[in-house]
Protein chains: 2
Amino acid sequence: MARLAVYLRVLGSLADGGLSTISSEALANAAGVNSAKLRKDLSYLGSFGTRGVGYVVEVLRERISTCLGVTEHRSVVLVGIGNLGHALAGYGGFGSRGFRIAGLFDADERRIGENISGLCVRSMDELDAVIARESVSIGVIATPADAAQEVCDRLVAAGVTSILNFAPAVLVVTDIVDVRKVDLAVELQILSFHEQRKAAGLKAVL
Amino acid sequence: MARLAVYLRVLGSLADGGLSTISSEALANAAGVNSAKLRKDLSYLGSFGTRGVGYVVEVLRERISTCLGVTEHRSVVLVGIGNLGHALAGYGGFGSRGFRIAGLFDADERRIGENISGLCVRSMDELDAVIARESVSIGVIATPADAAQEVCDRLVAAGVTSILNFAPAVLVVTDIVDVRKVDLAVELQILSFHEQRKAAGLKAVL
DNA sequence: AGCCGCTTGTGAACGTTGGCACAAAGTCGC
DNA sequence: GCGACTTTGTGCCAACGTTCACAAGCGGCT
Ligand SMILES: NC(=O)c1ccc[n+]([C@@H]2O[C@H](COP(=O)([O-])OP(=O)(O)OC[C@H]3O[C@@H](n4cnc5c(N)ncnc54)[C@H](O)[C@@H]3O)[C@@H](O)[C@H]2O)c1
Ligand SMILES: NC(=O)c1ccc[n+]([C@@H]2O[C@H](COP(=O)([O-])OP(=O)(O)OC[C@H]3O[C@@H](n4cnc5c(N)ncnc54)[C@H](O)[C@@H]3O)[C@@H](O)[C@H]2O)c1
């Protein structure tokens, strides 16, 4: 479930706030979901809440972390260090969530060697070696759409089994490989769709 | 439905490729979905495919565009011009999908006046005026998580009714406002979760 | 013109997800 | 120690999304 990750993030802030236990009700509010749904989600991981009190924040965090598999730090490679790639490479949110950037790669010779917050942009030739050496299982694609499938194939061939794709392209992969895509334009169009609906509703009222 | 936007994008490439009609089967493959699902999606917009032939690409594009409300160019404002904000501001994908960036805003005085591909970073003081003047209905938040709710409130107060949030924070809003969030860490954790499952499955086989 | 094959549109079955509501269980106060 | 209150865990149902399967409709071919 996608919501587990959100719970984990909220629990993080709560732990920083010094709270040691929390009820499903409160956590559900903070995460923006129904409390019953939250309890059902947690019940998938086993039952370890204390009735009448709630959940111990630390225990819960650890349990969810284990389930998500972020206890052992996973390595990711980032391919395509353009506009977006730079932002991702410079983003601190990777490390704090249990992910390590094992390498930055780009096809453009001029970018190779560039240093971004401690990491050096590498040539695509080194991709296979780095993936094998650091046993990378996740690849992030931030290249233009035309190159996405090609890069994807290379990543899969090198042993990557999960891909996060920012390019507006549909990737075809073996079914042992998981692909998630983030498409800004799609998100905006969905919002636009709702705007459209709102406007239509308004007209209907008049 | 979120998939309409994907269909539209795929149709765009197909139109560039010179194709004039397409069957649900082919379009479904290109978009990575089931053909029955695609037909059902399209049937929501009315029935205008030709049996035995398929859909006329141009008609379909126009119909979906109208439905998504991207025919009239929508304006968006972008708040928080840091790492990510720069990438977004410099991204060409907005204009080509029917969105116009009406303004870039940041709280940091040092960023104000900065020029990013033809757009000038403005002070937050001008936010309300720009939103009103250009009748902006969509706001994009790329500030740190702490500032997200505050910025969100300002956007809503100024008249924005749809928000795309990149900050890892849960926003609370009136229910006339739509919020979509893009959270990189959550995406990675979901992939990590599947990796975990794969590893567990592997162990079960042994 | 009539038949044939292809493709759409949709009804019905299915699995999944979300939400209510309540019993079980544990804590806190007295 | 006991009762009352709080909160979890879950059974049940409704709604939604997905998939299959097929009849109806259209174009092309003869
Ligand atoms: N910038 C954004 O805000 C944004 C938002 C959403 C989606 N996207 C998408 O993300 C992708 C990247 O966007 P961008 O703005 O960073 O583009 P960009 O052109 O700035 O960067 C693309 C990078 O990919 C590299 N590249 C090209 N072909 C490659 C290959 N075969 N192998 C390895 N590297 C290769 C290029 O050298 C370049 O550095 C695009 O598909 C874009 O549509 C960008
Ligand atoms: N960089 C990434 O790849 C990435 C990926 C996913 C999510 N995010 C999230 O996106 C957000 C921005 O990331 P970033 O890397 O660009 O951070 P950043 O620190 O580089 O940029 C944040 C910008 O927001 C501005 N800002 C701060 N408070 C503000 C306010 N109250 N009003 C207006 N502007 C304000 C700052 O001046 C700064 O320019 C963060 O929440 C981050 O977690 C970033």
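This passage describes the contacts that a predicted model shows at a DNA strand, between two chains and around a ligand.

In the predicted model, DNA strand C is surrounded by 23 residues, of which A:Lys40, A:Arg51, B:Ser24, B:Arg39 and B:Tyr55 come nearest. By class, this surface is made up of 5 nonpolar, 10 polar and 8 charged residues. Of the strand C atoms that lie within 4 Å of the protein, 63% belong to sugar or phosphate, and the rest belong to bases. Polar contacts are found with both parts of the strand: a phosphate oxygen is placed 3.1 Å from an N or O atom in the side chain of A:Lys37, whereas a base oxygen lies 2.4 Å from an N or O atom in the side chain of A:Lys40. On chain B, a polar backbone atom of B:Gly49 is 2.9 Å from a phosphate oxygen of strand C. The elements that contribute two or more residues to the surface near the strand are α3 (35-43) of chain A and α3 (35-43) of chain B, and the largest share, 4 residues, is given by α3(A).

The two protein chains also meet through a pair of helices. The axes of helix α9 (residues 184-205) of chain A and helix α4 (residues 57-68) of chain B come within 7 Å and cross at roughly 70°, which means that α9(A) is roughly perpendicular to α4(B). On the side of α9(A) the contact is made by A:Gln189, A:Ser192, A:Phe193 and A:Gln196, and on the side of α4(B) by B:Thr66, B:Cys67 and B:Leu68. This contact has 3 nonpolar and 4 polar residues, with no charged residues.

Over all chains, the whole structure holds 23 salt bridges. One of the salt bridges is formed by A:Glu187 with B:Arg180, with the closest N and O atoms 2.5 Å apart. This pair crosses between chains, linking A:Glu187 in helix α9 of chain A to B:Arg180 in strand β9 (residues 178-181) of chain B.

Ligand 1 has 24 residues around it, and those that come nearest are A:Leu84, A:Asp106, A:Arg111, A:Thr143 and B:Tyr91. Because the residues that surround ligand 1 come from chains A and B, the site is shared between chains. From chain A, a backbone N or O atom of A:Leu84 lies 2.8 Å from an oxygen atom of the ligand, and a polar side-chain atom of A:Arg111 lies 2.9 Å from a ligand oxygen atom. From chain B, a polar side-chain atom of B:Tyr91 is placed 2.9 Å from an oxygen atom of ligand 1.

Definitions and conventions. Residues are numbered from 1 along each chain as its sequence is written. Chains are lettered from A and ligands numbered from 1 in the order in which they are written. This is a predicted model: local features need pLDDT of at least 70, side-chain atom pairs count only at pLDDT 80 or more; totals for chains, interfaces and linings use all residues. Side-chain values use heavy atoms; hydrogens and water are left out. A residue is near a molecule or strand if one of its heavy atoms lies within 4 Å of it. A polar contact is a pair of N or O atoms within 3.5 Å; within protein, one must be able to donate a hydrogen and the other to accept it, and residues adjacent in sequence count only if both atoms are side-chain atoms. Ala, Val, Leu, Ile, Met, Phe, Trp, Tyr, Cys and Pro count as nonpolar, Asp, Glu, Lys and Arg as charged, and the others, Gly among them, as polar. Axes are lines fitted to C-alpha atoms, for helices over the stretch in contact, and angles run from 0 to 180 degrees between N-to-C directions. Angles under 35 degrees count as roughly parallel, over 145 as roughly antiparallel, 65 to 115 as roughly perpendicular and the rest as oblique. Contact means heavy atoms within 4.5 Å. A salt bridge is a side-chain nitrogen of Lys or Arg within 4 Å of a carboxyl oxygen of Asp or Glu.
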